[in-house]
Amino acid sequence: MLLCVTASHKTASFDMLERLSRTPDDVAPNLLRLASCVQGAVVLSTCNRFEAYVEVDEPVTAAGAVGVEAVLEAIELSTGIPTAELDGAYAVHSGRRVAEHLFAVASGLESVVPGEGEIAGQVRRALTEARKDGTTSPELERLFQRASQAQRKVKNVTALGRAGRSLVRLSLELADSRIADWAAERVLLVGTGAYAAVTLATLRERGAIDISVYSPSGRAELFAKKHGITAVSDADYARVASGSSLLITCTNAAEEPVLGPEHLEAPAALTAVGCPMGPSTGSGTVGGSQLVIDLGMPRNVDPAVAQLEGVALLDLETIRLHAPLDELQATDAARSVVRDAADTFNVVGDRQSVTPAVVAFRSHIFALMEAEIERARARGDEDGKVEQAMRHLAGVLTHTPTTRAHELAADGRGAEFVAALETIYGIAPADSASDEAAASA
């Protein structure tokens, strides 16, 4: 059985999401250690959601409840957040609902900004990390691969991606009211990951020219060389920061804030001397003030910078409050694609779930047939007519139950076939899946 425990901007506070995002890497391995019924786990952690996708051994009594308890315990072990504090901050999806939820998440339907494109890559990376940690399972592999397929179909056949806007784009749109001339802005980008590349491209679309980059992890030189901008060293960081009119942070390289009041209160003499950008004149930003945009999770900027005179802070929580209303027509079309993809995923999964029972049934019938054929031969069936009749009868006898098993599976009632098989024939399916070709022959 598939299970998803999700905390997102719809269920949890920004502070809770920030705490959950600090140490997500250990959650999946801890899950597998804590509960023997957990067959696999994939954790998706982004700036606005924290989700654990789990495959639970279904025969276990109350497997769903055990799975949720294991997830919460693993979160507490990895992040230090007591289980009691998570009450009301998460939702649970199980069974057939899991696929539709993940497919909607991957397609951007559950994002702060509907249709934002970054989430698709984050979903793919979550599966990659699970593979590296050895925590994934065949069913979770299938789930996440189909999620990527659903996302691509939503992108190709609906207008959601064109209607939706990324967090980066939305944050810069919100900054427009404070910026008179993007070309005059002195921009400092803090971070060199995927978000930084998107941010840089979006800044250039708006006309920004004077852009520098600082990396807490020491990758500024490489990033700057690749993108044709100026790298900032550790020694120059505070001076450049205090001399910038627009600062955008988007790094996940540090668990603590990388920009604080101490960086923006550099003495004027230090700012003017040796700073590659010189003192801030405010020629671009209205009023000569500094605008700080924090796209990091955990937050990259100490909230105390908002108390500094002439400094405005725009963080993810504020951006979320300004997210536009859904583009209803595009969203409806996208959700239809997602539902269809989830239905297909579940039908295939349900069919696979009855395959061992169908194989066991057909093996039983054909074993009886072979025994009767041997007896017929022993009694003198030299022309093979009895054997031919027996094989035809076995095919007729197995056809309807096999078809019915797949129909029940498609309706989510495959367990009824398994129970009936055991009741009537005393046959229990093998623990491992058999050749599906045998089930559909």
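Glu 141 forms a salt bridge with Arg 131, the closest N and O atoms being 2.8 Å apart, where a salt bridge is a side-chain nitrogen of Lys or Arg within 4 Å of a carboxyl oxygen of Asp or Glu. This pair links distant parts of the chain, with Glu 141 in helix 6 and Arg 131 in helix 5, 10 residues apart; helices are DSSP runs of H or I with at least four residues, strands are runs of E with at least two, and both are numbered from the N terminus.

The model is predicted, so that local features need pLDDT of at least 70 and side-chain atom pairs count only at pLDDT 80 or more, whereas totals for chains, interfaces and linings use all residues. Residues are numbered from 1 along each chain as its sequence is written, and side-chain values use heavy atoms, with hydrogens and water left out.

The structure holds 17 salt bridges, including those in the table.

| Pair | Closest N and O atoms | Citation |
|---|---|---|
| Glu 141 and Arg 131 | 2.8 Å | salt bridge |
| Glu 110 and Lys 10 | 2.6 Å | salt bridge |
| Glu 372 and Arg 375 | 2.1 Å | salt bridge |

Glu 141 is buried at 15% relative accessible area, while Arg 131 is partly exposed at 42%; buried means under 20%, exposed over 50%, and partly exposed in between, with a 1.4 Å probe and protein chains only. Glu 110 is likewise buried, at 12%, but its partner Lys 10 is exposed, at 53%. Glu 372 and Arg 375 lie 3 residues apart in helix 15 (residues 328-378) and are therefore separated by about one helical turn.
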